[in-house]
Amino acid sequence: MITVVNGATSKQVLADEVAAVLNTLNLEGYYYLGYPVLGGMDGKIKVDALLVCKQYGVVIFDLDLSSEGEVGSKISLLDELYNNMEARLKRYRNLSNRRELQVPITVVSYAPRYRKNGEDICISAKELKEYLKRLSWTQSEHYYGKLLEAIQMVSQLKKRGNRTNLQSATSKGAKLKAIEDQISCLDKFQSKAVIETVEGVQRIRGLAGSGKTIVLALKVAYLYTMYEEKIIAVTFNSRALKGQFLQLITNFIIENTNEEPDWDRIKIIHAWGSKNSEGLYFNFCKANNLVCYDYMDACREFGRNAAVFDKVCQEAVEAVGNPRTLYDVILVDEAQDFSKYFLRMCYMSLPQDSRMLVYAYDELQSLDNKNVDSPEEIFGYRGGKPNVSLDNSNGKSEDIVLSKCYRNSRPVLITAHSLGFGIYRRKEMREETPLVQLFEDKKLWEDIGYRLKDGTMKDGEKVTLYRTEETSPGFLEEHSPIDDLIQFRKFDRSDQEAEWVVEDIERNLKNEELKYQDIMIIHPDPKTTKSYVSQIRMMLMEKEIKSHIVGVQTTPDAFFQEDSIAITQIYRAKGNEAAVVYLINADLCAKGVNLSRKRNILFTAITRSKAWVRVSGLGSDMDILLDEYRSVKENNFQLEFEYPNESQRKNMRIIHRDMTQNELREIKKSNSNLAEIASKIQAGEIRKEDLDESTINTLKEVLFH
């Protein structure tokens, strides 16, 4: 079956006619419109359409709308397309046998208005079909996968070939190289997300590890090469993503065009910014003559809490009647961390006649317990109709779901979801609500790659969900036994935990052929990260292993270093990944107030891992997480639970909600007052009869009914 990927093209009618011909030929592969751009000696050449399939190899289509023209100049164009594609493919040594390219390249012009055909020129659909049927490729079994890799350029984008000094075939370094070598092509949904471009809003939803950041980087580079006049901005919440985007976009553009990017046309900017650094919010305010708040100003004005950026965005959006255009295209990563006001600000910063906005997110990675609103709610209504409605009805994908996970193995991902939702919490902790949180949309389970094994997805019914090879590739878990893939450890003291972590890191560096950049230590609480990790850093230093706290010993934009272990609080970890992830002091996330946010921290930290996960913590609260992990493991890494009814889901939203500092202070004060009263009654300082009867009855009713 041919997967059609609709890129930017001004020749849609002819492209559709070619697609209709291809659909009659029983082919397997991809048909790209407006992709790729070939970098030649004389500049860039845009390909009208490209077929990559097992039966024919590569077929480049020149789509000609003219009714006449010089056949000689036409043949010259086809030759140029051929030569540039051959030059590109020959850069990939896996596609050649000595000096001979093993992939057939065919270049054909489809020109139905031409008066006469010629060499490699077809003037009818029937003629084109007969032309294609004469093609063949006998070597596809050996080369097709590598051909896709070369066309999509993901391997070059990620620059995998740095593990050249491996000595052991069974070391973690060798296993990691094998994993990275197998993740070299985009799947059909990723391809559509990269290339399919709409003159409006496009939403990309996906699991952690489904490739959203790489897809956005590729999309920036693709739009850059296709629209030479457009200014493109990519923005994000985690500053550490800036380096990733810079590297990915640079690699792709150079590989695609043989030219360095023009950074006047691409803006990689933080969502907020400050007086000393560019940000989308700051740029919006300056352009529209609004008051700009940096973080400290905003905290003074609106209070120090997780919603402070939402407040400044809301004020800015509501203050502007006729906003100035800042960019032609905006791409937003980590959209789950933003309110509708920030996304609306992005929308308002674009030209009114072409609001090209792409936003990508994974709801469970929200560390502030936010839900991403519907497009209708985000972008508002006009005349009773929504400004934006995503329906995929125009042949291009406006709403794309990436269901395949390429980072986390099946056991790691399901463990993360199990802990994130509280699927296997202890019975005594489930009295008020059976789960901590759950997707509001039942269909989302299927969208993110789960399948129904038993039961029904109905309120009050038992259900068992699992993941298949299709959405969780086996090679991600087959390299190591389960007890090496995932480890949960409990300690009585923090120095014991530190000693275990340091010894394991030393073993990974000295015996397992891993690099410093393959290791990440995550602490859940930004307020205590620096003090808690001091023992680990001191013990690492004693073993002559350097470490750095991201954003403290480094700039916020830098994350990994070649000769130092990255230690980070959870907010800076987002958007990054490492082969081995150590989540320390995890007991902080087991129970208590703001439980949804705490469980999202567990999910986010665990899903940073490309291979191995180490979760450690202290005391009885760590026992809670150990019990939950044992349960998901005993259930063969499946999610088995009773689907909460509407009343239970409402309670979950209330009980486990993310509370402000004022709410927490009031709760603490009330608990203290109640404890003081109980203590005085026990000591005989107050008699029960002294308490107001109506107050006692109200407490009984509230607490026990």
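In the predicted model, E497 contacts F491, Y532, I584, N585, S616, G617 and L618, its neighbours within four places in sequence being left aside. E497 belongs to helix 18, which spans residues 494–510. The side chain of E497 is paired with backbone rather than with a charged group: one of its polar atoms lies 3.0 Å from the backbone nitrogen of N585, and no salt bridge is formed although E497 is buried. The nearest side chain of opposite charge belongs to R493, at a distance of 11 Å. Because a salt bridge requires a separation within 4 Å, R493 does not qualify as a partner for E497.

Nonpolar residues were examined next. In soluble globular proteins, nonpolar side chains tend to be buried together. The largest nonpolar core of the model holds 88 residues, of which W445, F488, I505, I521 and F641 touch the most other members. Another core lies apart from this one and comprises 67 residues, including Y32, W137, M153 and L218. For F641, contacts beyond four places in sequence are made with I423, L435, L438, W445, E461, K462, V463 and L465. W445 is thus a contact of F641 and is also listed with it among the residues that touch the most other members of the largest core.

Cysteines were considered last. The model contains zero disulfides. The cysteine sulfur closest to that of C285 is in C292, at 4.2 Å, and this is too far for a bond because a disulfide requires sulfur atoms within 2.5 Å. C285 is buried, with a relative accessible area of 0%. C589 is likewise buried, at 2% relative accessibility.

Note on methods. Residues are numbered from 1 along each chain as its sequence is written. This is a predicted model: local features need pLDDT of at least 70, side-chain atom pairs count only at pLDDT 80 or more; totals for chains, interfaces and linings use all residues. Side-chain values use heavy atoms; hydrogens and water are left out. Helices (H or I, at least four residues) and strands (E, at least two) are DSSP runs, numbered from the N terminus. Buried means under 20% relative accessible area, exposed over 50%, partly exposed in between (1.4 Å probe, protein chains only). Lys and Arg count as positive and Asp and Glu as negative; His and the chain ends are not counted. A polar contact is a pair of N or O atoms within 3.5 Å; within protein, one must be able to donate a hydrogen and the other to accept it, and residues adjacent in sequence count only if both atoms are side-chain atoms. Contact means heavy atoms within 4.5 Å. A nonpolar core is a set of buried Ala, Val, Leu, Ile, Met, Phe, Trp, Tyr and Cys residues joined through side-chain atoms within 4.5 Å.
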